[in-house]
Amino acid sequence: MSDRLETVKSLIAAHPDFPKPGILFRDVFPVLRNAKALRMLIDLLCEHIKSTVASADIIVGLESRGFLFGPMVAEQLGIAFVPVRKAGKLPGKTVSVSYTLEYGTDKFEAQEDSVKKGQKVIILDDLLATGGTMKAAIELMEKLGAVVELCLVVIELDDLKGRNKLNRPFYSLIHY
């Protein structure tokens with residue numbers, strides 16, 4: 001593991017029994033409190049994108065932590081940023097998809113005019129667990145006519161096998 005990635009990983013906190021008993025929550029917020037580590041993380045994400053994706057038009061950030069890294073990555077790459085949010089959070093006409101959670105269902109939305117047919121997108125989030133939200137984001141982008149070039153996360157919880165639900169290229173920087 002590179003020194004930069006090791007620095008980022010060393011700052012990720014673990015909170016047992018949050019948000020409920022039996023869950024070990026991996027917290028990326030300490031990385032944001034360290035400007036040098038945050039720059040390392042954004043550089044690592046951008047370097048991976050540049051080395052694996054021929055071209056992209058948009059970084060799609062998933063609510064809510066994908067919003068933290070997405071705009072910085074988009075700016076560094078010189079491309080647009082589009083948020084994907086939970087239902088009812090975006091103004092104007094939206095397109096939505098429903099997805100299943102371990103305790104029910106939820107809905108993701110994007111503004112109808114945020115992505116044009118054929119645009120190449122990279123979906124970015126902080127963490128992949130069971131894969132439900134990333135899968136829903138792929139479906140949403142494809143419903144809008146986008147081409148999903150890559151799904152990218154900072155952290156992957158390997159034991160939950162979320163990547164098995166994804167039908168697009170996927171990469172995670174850190175594995176637990």
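**Figure 1. Lysine 86 and its salt-bridge partner in a predicted model.** At 27% relative accessibility, lysine 86 counts as partly exposed in this predicted model, and aspartate 106, with a relative accessible area of 23%, is likewise partly exposed. Lysine 86 and aspartate 106 form a salt bridge in which the closest N and O atoms are 3.3 Å apart. Because lysine 86 belongs to strand 4 (residues 80-86) and aspartate 106 to strand 6 (residues 104-111), the pair ties together parts that are 20 residues apart in sequence. In total, the structure holds seven salt bridges, and two others are shown in the views that follow.

**Figure 2. The salt bridge between arginine 168 and glutamate 142.** The closest N and O atoms of arginine 168 and glutamate 142 lie 2.7 Å apart. The pair links distant parts of the chain, with arginine 168 placed in the loop between strand 8 (147-156) and strand 9 (170-175) and glutamate 142 placed in helix 5 (residues 132-143), 26 residues apart. Arginine 168 is partly exposed at 30% relative accessibility, and for glutamate 142 the relative accessibility is 30%, so that glutamate 142 also counts as partly exposed.

**Figure 3. A salt bridge within helix 3, formed by arginine 39 and aspartate 43.** In this view the closest N and O atoms of arginine 39 and aspartate 43 are 3.2 Å apart. Both residues lie in helix 3 (residues 35-52), where a spacing of four residues corresponds to about one turn of the helix. Arginine 39 has a relative accessible area of 40% and is therefore partly exposed.

**Figure 4. Helix 5 and the strands against which its buried residues pack.** Helix 5 has twelve residues and reaches 16 Å from its first C-alpha to its last, close to the 16 Å expected at 1.5 Å a residue. The buried residues of this helix are Gly132, Met134, Ala136, Ala137, Ile138, Leu140 and Met141. These buried residues pack against strand 3, strand 4, strand 5 (94-101), strand 6, strand 7 (120-128) and strand 8; strand 4 and strand 6 are also the elements that hold lysine 86 and aspartate 106, respectively. Glutamate 142, by contrast with the buried residues listed for helix 5, is partly exposed at 30% relative accessibility. Just after helix 5, glycine 145 takes a positive phi of about 95 degrees.

**Figure 5. Backbone geometry in the loop between strand 1 and strand 2.** Aspartate 17, which is found in this loop, has a positive phi of about 60 degrees although it is not a glycine. The peptide bond that runs from phenylalanine 18 to proline 19 is cis, with omega near 0 degrees, and proline 19 is itself found in the loop between strand 1 (13-16) and strand 2 (24-27).

**Figure 6. The cis peptide bond from glutamate 63 to serine 64.** For the bond from glutamate 63 to serine 64, omega is near 0 degrees. Serine 64 is found in the loop that runs between strand 3 (58-62) and helix 4 (66-77).

**Figure 7. Lysine 161 in the loop between strand 8 and strand 9.** Phi of lysine 161 is near 55 degrees, which is a positive value in a residue other than glycine. Lysine 161 has a relative accessibility of 52%, and because exposed means over 50%, lysine 161 counts as exposed. The loop between strand 8 and strand 9 also contains arginine 168, which forms the salt bridge with glutamate 142.

Technical notes. Residues numbered from 1 in each chain as written. Predicted model: local features only at pLDDT ≥ 70, side-chain atom pairs only at ≥ 80, totals over all residues. Heavy atoms only, no water. Salt bridge = Lys/Arg side-chain N within 4 Å of Asp/Glu carboxyl O. Helix = DSSP H or I, 4+ residues; strand = E, 2+ residues; numbered from the N terminus. Buried < 20%, exposed > 50% of the residue type's maximum accessible area, 1.4 Å probe, protein only. Expected span 1.5 Å × (residues − 1). Contact = heavy atoms within 4.5 Å.
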